[in-house]
Amino acid sequence: MGTGTSRGRVKNSAQKSERAPRKGRGERERSSRDRSAGGDNMALLRSMLLQRRFEERTAEAYALGKIGGFCHLYIGQEAVSTGTISMLRPDDYVITTYRDHGQALARGISPRAVMAELFGRIDGCSRGKGGSMHLFDRNLNFLGGHGIVGAHVPLATGVGFAIKYRGGDQVCICFMGESVVNTGAFHEALNMAGLWKLPVVYIIENNRYGMGTALERASAIHDIYERGAAYNIARSQCDGQDVFAMQEAVAEAVGRARKESLPTLLEARTYRFMGHSMSDAASGTYRTKQELEEWQQRDPIVLLRLMMEKNGELTEEALHKLDEELKAEVQDAIDFAEKSPEPPPEALFEHVLVDTTSDAREE
Amino acid sequence: MPTITYRDALSQALREEMQRDDRVFLMGEEVAVYQGAYKVSKGLLQEFGEMRVVDTPITELGFAGVGVGAAMAGLRPVIEFMTWNFGVLALDQVLNSAAKMLYMSGGQYPIPMVFRGPNGAALQLSAQHSQAFESWLAHMPGVKVVTPGTPYDAKGLLKSAIRDDNPVIVLEGEMLYNTKGEVPDEEYLVPIGKADLKREGEHCSIITSGKMALVAMQAADQLAKEDIRVDVVDLRTVRPMDIEAIRTSVEKTNRAVVLEEGWELAGIGAQVVDYVQRDCFDHLDAPVVRVHQADVPMPYAKNLEKLAKPDAAKTIAAVKKVMYLE
């Protein structure tokens, strides 16, 4: 969609009813040479399939009562996380919402550490203190999943401010759902990013529904990347089901941030194949089964697989082998989480405050 | 020892800490070109430049969050709210981002930052601009809350706040900025969490903080003329609270009045009374009496405003009540 290539794309009627996304400013064609780098594509497939298998087992563990609280699955949106994060350097920053499992895995937090966190165990990436919605990893500059819609967007602007303050060339990626654009925090944060020219890429994962409210019922404009015009920042829309389209759009935005210290608002059009969280059905009240099934025909993992098979980069056997490996990796994560101890009672009062000052840090 | 204003004391603290650590920056509305709505940041733009003294749009929720993000990426922001009445717009960032980041990240992300600005009523600013937020802000774990009442405490506490690796909320007072007091030339810090016995006496303890310490001192002066001598315990920090200082004073005087600027229900004073009844029950010779703002939005009319605010006369009456003198 709008990326100048239709390779791997499966047509479906749900797409026809929408206006095709426009090309972003200066969006370039991606050469076929880029797309046939077999090793890279295998890594992309691995990353996306890992998220899928992980989330399937997460749903199962949730149903068994192993995971508590709110739990928002990422199934259907894997091309967004993988396509974006594959374009980053290790010293770049990533911040996201409560639907954060996919991005955490794509950034490289181990399935063990993520699953242990979901289980509320000491070996979780937030030591069992955060849970599904608050995955963090300081070593990977993964600045967390955040649970108040819109509130993390100013934080991303602040990270961009810090990068510019120090004269660095890192980039901050800020993932958000499309309902975020209706919050005041979004407006305030993007205004400052545009005003101060900060190296932040704001990526809207437009999965079309904020909980059960369709975009059209929540936003006065429907091509929401156009909101960037209000802040005088570069903006574009891309196909969030096509990992290459994501890479292409993100590469351009990241380049703009890194080289020119300028922000971008990128709208990735995607769809979640599950309910808003584990407590609601995938379809029924606010969207039809038919619509869901139409989007499932554009499953991002299937699209990538078909393209790789067509290019001769992937055989049935290789796919099967990869899938078995990933299933085993997720099983290992579950076994690890089961065995990991609960946080000890004394952990209750840890991490409320630190007892250090800047003097201590300098030493 | 030089005598300077509370405003200049804060300004010195900012300047010294910005000279000391180039990760420290000041951000807020009108802090740079305008030189500060209350001139606390006068001259800082000229000395440190626009990257470190940053004017923002009117966007409290946004720039408070910018501060949290910058702190996560290694800077040490000082976020100024023109008043805490506007800071309420940013409460989500204080409560849900700054105060919780360390905990929900399992200890990975301390937030070394300061939120500061004037708090409480000035004169005839009416309902929306005359509010004391100590109890709102002190309610949440994950932050420290300081309430300096004198220039000495203002400078020493702000410096400690900037060096602290936690979010520290500094509640200043519009009516305090012009007050004067002695501030030494040499560097010093006032420790967070430590009360100061501002007046010693044996008949009653007045436990208070911040701007109300001045009211307590006025009350103490007048009571002294009637030979009633009181302890004035200036908490200076309302989270964490110096319970030991409260206990020591009440065990000596056996009577206590708790004076605060805010409203009654769930106020700071209610918490102090709880500490007193738990720790000093056997030492009390009278029920503790609280002095606070009337339970109404602040009225504009001068006479009504006076009726609404806690003051020295109300404090004196409370002291006499706990001494069974009236």
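Domain bounds, as I use them here, come from an automatic or database domain assignment. With that settled, I note that the model I have open is a predicted one, and I begin with the domains of chain B.

**Entry 1: the domains of chain B**

I looked up the assignment for chain B and found domain 1 (3–182) and domain 2 (196–322). Taken over C-alpha atoms, the centres of these two domains of chain B lie 26 Å apart. I then asked myself how many residues each domain brings to the contact between them. Domain 1 of chain B supplies 23 residues, and domain 2 of chain B supplies 24 residues. On the side of domain 1 that touches domain 2, the elements of chain B giving two or more residues are α7 (134–138), β6 (144–146) and α8 (151–163). I sorted the residues on that side of domain 1 by character and have 12 nonpolar, eight polar and three charged.

**Entry 2: chain B as a whole**

I count 13 helices and 14 strands in the secondary structure of chain B. Its C-alpha trace spans about 60 × 45 × 40 Å along the principal axes. I compared the radius of gyration with the globule rule: a compact globule of 326 residues would have a value near 20 Å, and the 19 Å of chain B agrees with this. Of the 326 residues of chain B, 58% count as buried. Looking at contacts in chain B with a separation of 6 or more, I find that 79% of them come from residues 24 or more positions apart.

**Entry 3: chain A, and its helix α12**

For chain A I have 13 helices and eight strands, and 52% of its 363 residues count as buried. Among the contacts in chain A between residues at least 6 apart in sequence, 76% join residues at least 24 apart. I checked the length of helix α12 (residues 316–339) of chain A, where 24 residues at 1.5 Å a residue should span 34 Å, and the end C-alpha atoms are 35 Å apart, which agrees. Which residues of this helix are buried? In α12(A), I find A:Leu326, A:Val330, A:Ala333, A:Ile334 and A:Ala337 buried. As a reminder to myself, an α-helix has 3.6 residues a turn, so residues three or four places apart point the same way.

**Entry 4: the nonpolar core**

The largest nonpolar core has 199 residues, and those with the most contacts inside it are A:Val159, A:Cys174, A:Val201, A:Tyr202, A:Leu266, B:Ile206 and B:Val257. From chain B, this core draws at least three residues from each of domain 1 (3–182) and domain 2 (196–322). I followed A:Val201 further, leaving aside its neighbours within four places in sequence, and found it in contact with A:Val171, A:Ile173, A:Val250, A:Ala253, A:Val254, A:Ala257, A:Thr264 and A:Leu266.

**Entry 5: where the chains meet**

The contact between the chains takes 37 residues from chain B and 38 residues from chain A. On the side of chain B that touches chain A, I find α3 (60–72), α5 (91–98) and α6 (101–104) of chain B as the elements that give two or more residues. The largest share of that side, nine residues, comes from α3(B). By character, the residues of the side of chain B that touches chain A divide into 16 nonpolar, 15 polar and six charged.

I also looked at B:Leu91, which is found in helix α5 of chain B. B:Leu91 is partly exposed, since 17 other C-beta atoms lie within 10 Å. B:Leu91 and B:Ala64 are 27 residues apart in sequence, while their C-alpha atoms are 8.7 Å apart in space.

**Entry 6: backbone details in chain B**

I noted a cis peptide bond that joins B:Arg239 and B:Pro240, with omega about -5°. B:Pro240 is found in the loop between β12 (237–239) and α10 (243–253) of chain B.

Two residues of chain B went into my list for their phi angles. B:Arg236 has a positive phi of about 65° although it is not a glycine, and its place is the loop between β11 (230–234) and β12 of chain B. Is B:Arg236 buried or exposed? B:Arg236 counts as buried, because it has 28 C-beta neighbours inside 10 Å. B:Ala266, likewise not a glycine, has a positive phi near 60° and lies in the loop between β13 (256–259) and α11 (268–279) of chain B. B:Ala266 is exposed, because 12 other C-beta atoms lie within 10 Å and the cut-off for exposed is 12 or fewer.

Terms used. Residues numbered from 1 in each chain as written. Chains lettered and ligands numbered in written order. Predicted model: local features only at pLDDT ≥ 70, side-chain atom pairs only at ≥ 80, totals over all residues. Helix = DSSP H or I, 4+ residues; strand = E, 2+ residues; numbered from the N terminus. Rg over C-alpha atoms; globule rule 2.2 N^0.38 Å. Buried ≥ 20, exposed ≤ 12 C-beta atoms within 10 Å, placed from the backbone. Contact = placed C-beta atoms within 7 Å. Core = buried A, V, L, I, M, F, W, Y, C linked by C-beta atoms within 7 Å. Nonpolar A, V, L, I, M, F, W, Y, C, P; charged D, E, K, R; others polar. Expected span 1.5 Å × (residues − 1).
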